[in-house]
Amino acid sequence: MTYLVLFLGLCFVLGGLAVASNPSLYSGDMGLVLASIAGRGWLLSLGVSFMSLVLFMVYLGEMSVDYVYSLCLAADPFKRLGGIGCYGVELV
């Protein structure tokens, strides 16, 4: 059991590092899933199964929506504002 908790801690740290370094949105999302599953495992090892399930569902639901939104924004290389070729939309 001790090795399992240590392994989950390592996975949690590696998942956090993958989200923080974030070379692409896809790897950041995978790091988020890894950290979330490892955190859920920690809570399960403490015997808090309902809280583990609720936090897992809320956290992954929220973060998946944020990453999909960011991915959609990053996928459009030439952003346009109202049909006018405006490449400085980030300033608005």
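The paragraphs below lead through the fold of this predicted model, from the overall chain to individual residues.

At the level of secondary structure, the chain comes to three helices and zero strands, and, read along the sequence, these elements follow the pattern α-α-α. Of the 92 residues in the chain, 17% are buried, while the accessible surface of the chain comes to about 6700 Å², with 75% of that area belonging to carbon and sulfur atoms. Among the contacts in the chain with a separation of 6 or more, 44% are accounted for by residues 24 or more positions apart.

Two annotated spans can be set against this helical framework. UniProt, in an unreviewed entry, places the feature "signal peptide" at residues 1-20; in the model this span is 95% helix and 0% strand, and its end C-alpha atoms lie 29 Å apart. The unreviewed entry in UniProt also lists residues 30-60 under "transmembrane region", and over these residues the chain is 94% helix and 0% strand, although here the end C-alpha atoms are 11 Å apart.

The surface offers a further view of how the helices are arranged. A nonpolar patch on the surface is formed by Met1, Leu4, Val5, Phe7, Leu10, Phe12, Val13, Leu14, Leu17, Leu34 and Trp42, which together have about 1000 Å² of accessible area. The elements that give two or more residues to this nonpolar patch are α1, covering residues 2-21, and α2, covering residues 25-46. Helix α1 gives the most, with eight residues, and Phe7, one of the residues of the patch, has its place in this helix.

Two other members of the patch, Phe12 and Trp42, bring the discussion to aromatic contacts. How many aromatic pairs does a search of the whole structure find? The search finds one. In this pair the rings of Phe12 and Trp42 have their centres 5.2 Å apart and their planes at 35°, and because stacked planes would have to be under 30 degrees apart and edge-to-face planes over 60, the pair is tilted. The pair links distant parts of the chain, since Phe12 lies in helix α1 and Trp42 in helix α2, with their positions 30 residues apart in the sequence. Both partners fall between the cut-offs of 20% for buried and 50% for exposed: Phe12 has a relative accessible area of 35% and is therefore partly exposed, and Trp42, with a relative accessible area of 32%, is likewise partly exposed.

Helix α2 also holds two residues that can be read together with the part of the chain that follows. Is Ser36, which has its place in helix α2, buried or exposed? At 8% relative accessibility, Ser36 counts as buried, because the value is under 20%. Leaving aside its neighbours within four places in sequence, Ser36 is in contact with Phe56, Tyr59 and Leu60. Ile37 is likewise found in helix α2, but with a relative accessible area of 46% this residue is partly exposed. The C-alpha atoms of Ile37 and Ser52 are separated by 9.5 Å, while the two residues are 15 residues apart along the chain.

Conventions:
Residues are numbered from 1 along each chain as its sequence is written. This is a predicted model: local features need pLDDT of at least 70, side-chain atom pairs count only at pLDDT 80 or more; totals for chains, interfaces and linings use all residues. Side-chain values use heavy atoms; hydrogens and water are left out. UniProt positions are given in the numbering used here, feature names are shortened, and annotations may be inferred rather than shown by experiment. Helices (H or I, at least four residues) and strands (E, at least two) are DSSP runs, numbered from the N terminus. Patches are made of residues with over 30% relative accessible area and no salt bridge: like charges are joined within 9 Å, nonpolar side chains (Val, Leu, Ile, Met, Phe, Trp, Tyr) within 5 Å. Accessible areas come from the Shrake-Rupley method with a 1.4 Å probe; for residues, only the protein chains shown count as cover. A salt bridge is a side-chain nitrogen of Lys or Arg within 4 Å of a carboxyl oxygen of Asp or Glu. Buried means under 20% relative accessible area, exposed over 50%, partly exposed in between (1.4 Å probe, protein chains only). Contact means heavy atoms within 4.5 Å. Rings of Phe, Tyr and Trp (its six-membered ring) pair if their centres lie within 6.5 Å; planes under 30 degrees apart count as stacked, over 60 as edge-to-face and the rest as tilted.
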